[in-house]
Amino acid sequence: MSEYADGTMLSVIEEGVGLITFNQPQKRNAMSIGMWDGLARILDAFEHDDRVRAVVLTGAGNRAFIAGADISQFEEQRGNADAQRDYDRLTRAGNARLAAFAKPTIARIRGYCLGEGLGIAMQCDLRIAAVDSEYGLPGARLGMAYGFDLVRNLVSLVGPAHTRMLLYSGQRIDSAEAQRIGLVNQVVEDEELSERVVDIVRTIADNAPLSLRSMKLAVGEAVKDESRCDYAAIDAAIDACFDSEDYREGRTAFLEKRPPRFRGR
Ligand code: COA
């Protein structure tokens with residue numbers, strides 16, 4: 001287990017899965033600036049570690065995934081527009097790192113998933129949630145505004161109508177509504193969440209890493225404006241699959257009626 005930002009961010013690798021824990025339960029895991037930096041550093045380490053095939057992000061305890069940004073830092077760090085721009089520079093590293101992270105990411109969500117915490121969950125590839133989870137973007141109640149990346153991610157997941165309702169009202173929605181509008185992939189009973197996430201992440205982690213990389217890249221490009229799509233990168237990632245040892249292993253394993261052993265090359 002590794003600790004970052006005075007233990008408010010934790011990471012561990014187990015059987016091909018990197019686990020990242022937002023660990024400030026006494027503040028419902030609200031994100032401090034130090035936690036953003038810790039998140040970027042953990043993702044850097046996971047990106048370069050071939051043992052990590054997929055990553056799960058979760059909050060410590062049962063009460064929250066992340067209850068938004070740490071409001072106790074707002075006066076000092078985000079007191080006005082100039083300070084907010086500096087704050088943005090500091091937090092953008094973690095957000096950009098998550099957006100560009102090449103391996104599959106899953107948010108395991110219990111309790112409150114609010115503000116920038118929902119932003120982090122939306123940057124993940126999948127959101128698997130417990131019945132007790134709640135979602136909201138309370139910025140309008142605080143007189144603040146969210147960055148364009150968060151808004152764009154929300155629109156691409158739930159469409160403009162649900163985005164407007166969430167942003168303008170600042171109200172929270174429950175897990176059933178979150179699933180209905182497409183904000184989360186699956187909702188399971190609270191006590192079944194860990195097991196369900198292990199099932200999904202194990203299934204993903206056993207698949208061919210280069211295939212996953214290529215598919216993650218393609219989906220990310222597909223939700224961008226077409227003029228900004230990197231078709232050359234998509235083609236290169238597909239070529240890398242067809243030229244890989246894993247492609248041969250996948251075919252051979254199928255014909256030999258055994259599970260494949262993929263190595264990411
Ligand atoms: N930043 C800093 N501290 C936070 C926090 C946040 N975003 N969210 C919760 N906390 C702290 C509370 O101040 C409280 O601290 P205290 O014990 O020292 O008083 C502690 O976490 C527990 O919160 P509490 O409100 O007592 O718990 P709850 O279970 O009744 O309610 C929430 C939980 C998340 C609904 C409520 O705390 C809340 O609305 N938080 C703010 C959410 C928000 O607006 N986030 C910013 C979005 S940009």
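An oxygen atom of the ligand sits 3.3 Å from a polar backbone atom of Gln26, and that is a good place to enter this predicted model. Around the ligand there is a shell of 17 residues, and the chain itself is assigned two domains, domain 1 (2–205) and domain 2 (209–256). Here is a quick tour of both topics.

**The ligand and its surroundings**

- Arg28, Ala67, Ala69, Asp70 and Ile71 are the closest of the 17 residues that surround the ligand.
- Arg28 brings in its side chain: an N or O atom there is 3.1 Å from an oxygen atom of the ligand.
- Ala67 takes part through its backbone instead, with an N or O atom 2.8 Å from a nitrogen atom of the ligand.
- On its own the ligand would expose 850 Å², and the protein buries 60% of that area.
- By residue class, the shell around the ligand holds ten nonpolar, two polar and five charged residues.

**How the two domains are placed**

- Domain 1 covers 2–205 and domain 2 covers 209–256 in the domain assignment.
- Their C-alpha centres are 26 Å apart.
- Where they touch, ten residues of domain 1 are in contact with five residues of domain 2.

**What the domain interface is made of**

- Interface size is often expressed as the accessible area that is lost when the parts come together.
- For domain 1 and domain 2 the buried area is about 650 Å², with 53% of it on carbon and sulfur atoms.
- Three residue pairs are in polar contact across this interface, both partners having pLDDT 80 or more.
- The side of domain 1 that touches domain 2 is made up of four nonpolar, one polar and five charged residues.
- One salt bridge is counted between domain 1 and domain 2.
- Lys216 and Asp125 form a salt bridge through their side chains, with an N to O distance of 2.9 Å.

Note on methods
Residues numbered from 1 in each chain as written. Predicted model: local features only at pLDDT ≥ 70, side-chain atom pairs only at ≥ 80, totals over all residues. Heavy atoms only, no water. Near = heavy atom within 4 Å. Polar contact = N/O pair within 3.5 Å; in protein donor to acceptor, adjacent residues only side chain to side chain. Areas by Shrake-Rupley, 256 points an atom, 1.4 Å probe, with all protein chains shown as cover. Nonpolar A, V, L, I, M, F, W, Y, C, P; charged D, E, K, R; others polar. Domains from an automatic or database assignment. Contact = heavy atoms within 4.5 Å. Buried area = accessible area lost by both parts, 1.4 Å probe. Salt bridge = Lys/Arg side-chain N within 4 Å of Asp/Glu carboxyl O.
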